[in-house]
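Visitor: I am new to this structure and would like to be led through it slowly. Could you show it to me before we begin?

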Amino acid sequence: MNINKLLSSMTLEEKIGQMIQLPPRNFIIDSDTDVIGNEYDLGLDLDQIYTTGSILGIGSATEMKEIQTKYLESSRLKIPLIFMADIVHGYETIFPIPLALSCSWNEKLAFDTARISAVEAATSGIHVTFAPMADLSRDPRWGRVLEGFGEDTYLLSRFTESMVKGFQQNDVSLKGNIASCVKHFVGYGAPIAGRDYNTVDMSKLSLYQDYIGGYKSAIEAGAKLVMSSFNTFDGIPVTVNENLMVEVLREKLGFEGVTITDFDGLNQVIAHRVAENQREAAVLGVKAKIDIEMASTCYIDNIVQLISDQRISIKEIDEAVMRILRLKSQLGLFSNPFSFANEEDEKLLVRSSNHLENAKEIASECAVLLKNEKQILPLKEGLKIALIGPFATETKTNGAWSWRGNNYKNVTLFEALTTNGYNVDIIDYLNEQIEDQLSKVDVVICALGEHQDDSGEAKSKVNLELPDRQVKWIDFAKKSNKKVITVLYNGRPLVLNNIDNSDAILEAWFLGSKTNETIVDILTGKINPSGKLTMSFPRHVGQIPVYYNQLTTGRPRLDQSNPYTSFYLDCGNTPKYSFGFGLSYSNFIYGNILINKKYMTKKDTIQVSIDVKNTSSIGGYEIVQLYIRDEVSIIARPEKELKRYKKIWIDPNITETIQFTLSVKDLYYKNPKDESKIESGVFTILIGPNSTNLHSTKINFQ
Ligand code: BGC
């Protein structure tokens, strides 16, 4: 298809139609697809509807084909629709929530997750996924932390890159590949006070050093689309923020693909009181080079008039439409409008046993063992278990943003334990005989957490503690002198002081379709837990944001007796569980860091190594983390920054030597103008099992 020729044959109305995205309900009234957002009647007439460029969310190959057929029959130029949807951590085979996935520190799993999600979604005719979410976040009050990869830019960037590559591979026109729309550009993960959609007030330094990295790596990996975020930046909603959407995104980052607003995002510029009405919002959107308006009508209802008033130019519209047509062409839609939508493939591939097996393997690396006093875990065989708590018999363990995942197909923790031969009593907390029941068991498992719908979009919270009615279960069991293992299901870091009483704590997150089977394999030792946290767990909600790569401040808390230092009167400064922390059933001992030279220049590299010994009788994965501290620089720099990590299997009683190669690139930092800077001087290299327990050595950069 010659898209230049096609563009020149389009009427203005047809061009504008390409720039709107509508939910399927506009085409088939009985569509049962859930669309997330404030859906309302857009008041479009049929002529407008049959110029639409893309659809948000469809439920099946049949639905896709029905809509595409109807559309092509009624549209003059027969330009196929693109179908987009949120495939965030799986289509029907559901994988761990992205935050949990990042705790594997194994980005290959992000690639695999995206691959399988793409293969499944493509069978239903989906062309584009609104994923990955590249928003860095340091605020667990924000419900969407579950969709991201944690608080560190480097780790997050590696995961976003892998996900994009997994969705798209090298060619989005090929069967089983879908295009990736990275979201939500930019800063959306830093709303004030953690309240979703709230104002973002961020320095340019923080933007370039911390928040932009995830998008940058997704764009470098070839993401075809970028979604703008709801929030303001420097007072201007990002969707219409020319500086960010044009200068930063298109000019600096070199993004040439399609931009799309978030749901109703252009319309919301009016609620931000930055545009008086939809017409003015449309002008701002076009100037910010926003190509597609999702689920609102500023463009479709106003652009004709705006062009005749010379407020915007036809050239601007042509450029946007060209980008959309190019995407359609890259997706192969002009030769095959139904793409790979196929009911037979759906039956064969969607939630296939192979995919479920993969989901389980992936989940096995994501849970984080936070506590294991006296090695109560793994559970010995033949124990009699009491199982208490709201998640004992819960199947809703997929995690939010898994609209196609059927929770009712999941097994409960009770079922997974009994299938593994354990003798399990479910204890009803309201039952008066509880003490009597407890006396008959060897160990108590408390399955606690927050409902899967308590995290996700518009799910901000100020209280991150587990409710008393859950915690009481632990205290009851302890009073009966029982060992308590707490398994946590949640989509955000929680404040866990009130479960300190537990002998063991397994942070299981929501692990998707195979959540409880995986948990039981970990509890019983079939799987040795290896996940490590990618977001700090605060001691108190008042510490938020608490994250590992903070600055030292001018008055660091080195001398406890000096009251004029940076600290809280009523709480420590450190998080309860820090970034990078996670236990294993193995025991790893770190040796000293070895370096092949003490001096480094711009031209050479430095070899760094460390020995890690597994002193236990259980083989396991260890995640070795390397951080760097710039001792003196023009801009105050974090105490440490993650620069490398390696996940490695170590057999019992074996020592492995872990090697890293560092170059000057690892020492550069960004300034508020987005320039990479370095000054000569001392850098400290720190290596260890987590961000707080580190060996160190110094090098000199000249
Ligand atoms: C969310 C996006 C999502 C879009 C479409 C919005 O409300 O913020 O993340 O991609 O809806 O479902």
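Visitor: Which class of residue, nonpolar, polar or charged, has six members in the lining of the second largest cavity?

Guide: In this predicted model, the lining of the second largest cavity includes Arg 629, Asp 630 and Glu 641, along with Leu 667 and Phe 683. Sorted by class, that lining holds four nonpolar residues and no polar ones, and the class with six members is charged.

Visitor: Which strand gives the most to the lining of the second largest cavity?

Guide: Two strands, β20 (620-630) and β21 (641-650), each supply at least two residues of this lining. With three residues, the strand that gives the most is β20.

Visitor: What is the volume of the largest cavity?

Guide: Counting cavities of 30 Å³ or more gives two, and the second largest has a volume of about 40 Å³. The largest cavity is lined by residues including Ala 122, His 127 and Phe 340, and its lining divides into six nonpolar, four polar and no charged residues. The space in the largest cavity comes to about 70 Å³.

Visitor: How much of the area that the ligand exposes when taken alone does the protein bury?

Guide: The ligand is surrounded by 14 residues, with Asp 86, Arg 144, His 184, Asp 262 and Glu 457 the closest, and by class this shell has eight nonpolar, one polar and five charged residues. Oxygen atoms of the ligand lie 2.6 Å from an N or O atom in the side chain of Asp 262, 2.8 Å from a polar side-chain atom of Glu 457 and 2.9 Å from one of Lys 183. Taken alone the ligand exposes 310 Å², and of that area the protein buries 99%.

Terms used:
Residues numbered from 1 in each chain as written. Predicted model: local features only at pLDDT ≥ 70, side-chain atom pairs only at ≥ 80, totals over all residues. Heavy atoms only, no water. 1 Å grid on protein atoms, 1.4 Å probe; cavity = no way out; pocket = protein on both sides within 12 Å on 5 of 7 lines; lining within 4 Å. Points joined across faces, edges and corners; volume = space filled by probe spheres on them. Nonpolar A, V, L, I, M, F, W, Y, C, P; charged D, E, K, R; others polar. Helix = DSSP H or I, 4+ residues; strand = E, 2+ residues; numbered from the N terminus. Near = heavy atom within 4 Å. Polar contact = N/O pair within 3.5 Å; in protein donor to acceptor, adjacent residues only side chain to side chain. Areas by Shrake-Rupley, 256 points an atom, 1.4 Å probe, with all protein chains shown as cover.
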